[in-house]
Amino acid sequence: MVQQVLYRALVSTKWLSESVLAKRIGPSLRVLDASWYPPGERDAQQEFRDRHVPGASFFDIEECKDKSSPYELMLPSEAHFADYVGHLGISNDTHVVVYDGDDLGSFYAPRAWWMFRVFGHRTVSVLNGGFKNWVKEGHPVTSEISQPEPAVFKATLDRSLLKTYTDMVENMESKRFQVVDSRSEGKYRGTEPEPGNEGLEPGHIPGSLNMPFFKFLTEAGFEKSPEEIRSMFQEKKVDLSQPLIATCRKGVTACHIALAAYLCGKPDVAIYDGSWSEWFRRAPPEYKLSEWKRNKA
C-alpha cells in the first residue's frame, strides 16, 4: 500500500464548536447535517429546522442520488452532485464537515463523507460523536436557517472507490478483492428480515466477511481508536494491505467500513453502491447465501 498523507477524517466537537464561535463557517468551512431516518420514525428535515449546528445546511440524501435507479440510494451523476453541493456553498476549496443526529452517534454521515471523496473532494471530515454528543456536551444550536452563497464545485468521479454489480460478479471468480459486509449478523446470515424492503430477503454474498458497522463505535457514539479498529480487522482476518470492497444493504453503512479503514491509514476501500439490494435481485441463486428459507420452512 502506497503511503500518503491523509486528510483528517474526523473532527472533534470541541474543534467544531471553536470554529463556530470564531465565525469560521463560510466558503472555506461548511457544515452539513446528513441525517436520514426510516419514514414514520423521525423527521430529519423537521429536526434540522428545529435545531442544528449554527451555520449548517441540510444535506438531503434523498435529493442527492440517482432518482432513475430502481435501487435506493445510488450515486448521482457528477453534474448532479456538483450542482447540489455547489448550491450549499461548497467549492473544491471548502473543508466540509458532515454529521447526523442518529442515536448511535453516526449513521449516514460516513455515506456523505464517502460521496464527497468518490467525487474527488479530499477535504471532508465526519464530526466525531455526531449531533448526539454535540448537544450532550452543551455546544450551541440554532433554528436559524443559513443561506450560503452558491459556489462552483467540479466533481470528478474516482472509479477506484466505487464498485458495480459487474465488478462484484467478476470478483466472485478472481477473488482479487476482500469483501466485508457491514450489516448485523442476523441480516448477513439471513436469520432476521431486512426492514422496509418488501421482497428483499436477508443473506450475503458468498465469500464476504461480516463486520457490523456499529461495532466501530463506542457506546457513547464516538469512533473507536485506530488501534482498536486495526485489531477488529485482524480478528476477522481482513488484510488492510490488500484490496477491499465494503457492502451492506444499500451502500450506506458500508461507508463505515471505508471510514474505519481510512482511520487505520487505508484510504482506498471501495463501496459496492448497489450492495445487497441490487445483488439479491440480480445475482444467480448460487451467488447468494442465506438461512432465510431454511428458517421459514
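Here are a few friendly notes on a predicted model, moving from its sheet to a buried arginine, two cysteines and a helix.

1. **The open sheet.** A good place to start is the sheet, where 5 strands line up in the order 6-10-9-7-8 with parallel pairing. Strand 6 (162–163) and strand 8 (209–210) are the edge strands; each has a single partner, so one side of each has no neighbour in the sheet. As background, strands of a sheet pair through backbone hydrogen bonds, and the pairing can be parallel or antiparallel.

2. **One pair of strands.** Now look at strand 9 (residues 244–247) and strand 10 (residues 270–272), which pair in the parallel sense over 2 bridges. To find this pairing on your screen, pick A246, which stands opposite I271 in strand 10.

3. **Where R183 sits.** Which two elements flank the loop that holds R183? They are strand 7 (178–181) and helix 7 (185–189). Is R183 buried or exposed? R183 is buried, because its relative accessible area is 5%, and the cut-off for buried is under 20%.

4. **The company R183 keeps.** The side chain of R183 makes a polar contact with the side chain of D181, at 2.6 Å. Leaving aside residues up to four places away in sequence, R183 also touches a list of others, including Y188, H204, C248 and W276. E194 is one of the residues on that list too; 11 residues separate R183 and E194 along the chain, and their C-alpha atoms are 9.9 Å apart.

5. **Two cysteines without a bond.** How many disulfides does a search of the whole structure find? The count is 0. For C248, the closest cysteine sulfur is in C255, and the 6.9 Å between the two sulfurs is too far for a bond. The cut-off that matters here is 2.5 Å. C255 is likewise in no disulfide, with the sulfur of C248 as its nearest cysteine sulfur. Both cysteines are buried: C248 has a relative accessible area of 1%, and C255 has 0%.

6. **Helix 9, under cover.** C255 also belongs to helix 9, which spans residues 254–263. How many residues of helix 9 are buried? The answer is 10 of its 10. Among them are H256, I257, L259 and Y262. In general, an α-helix has 3.6 residues a turn, so residues three or four places apart point the same way.

7. **Just past the helix.** Finally, have a look at G265, just after helix 9, which takes a positive phi of about 95°.

Definitions and conventions: Residues are numbered from 1 along each chain as its sequence is written. This is a predicted model: local features need pLDDT of at least 70, side-chain atom pairs count only at pLDDT 80 or more; totals for chains, interfaces and linings use all residues. Side-chain values use heavy atoms; hydrogens and water are left out. Buried means under 20% relative accessible area, exposed over 50%, partly exposed in between (1.4 Å probe, protein chains only). Helices (H or I, at least four residues) and strands (E, at least two) are DSSP runs, numbered from the N terminus. Contact means heavy atoms within 4.5 Å. A polar contact is a pair of N or O atoms within 3.5 Å; within protein, one must be able to donate a hydrogen and the other to accept it, and residues adjacent in sequence count only if both atoms are side-chain atoms. Two strands pair if DSSP finds at least two bridges between them.
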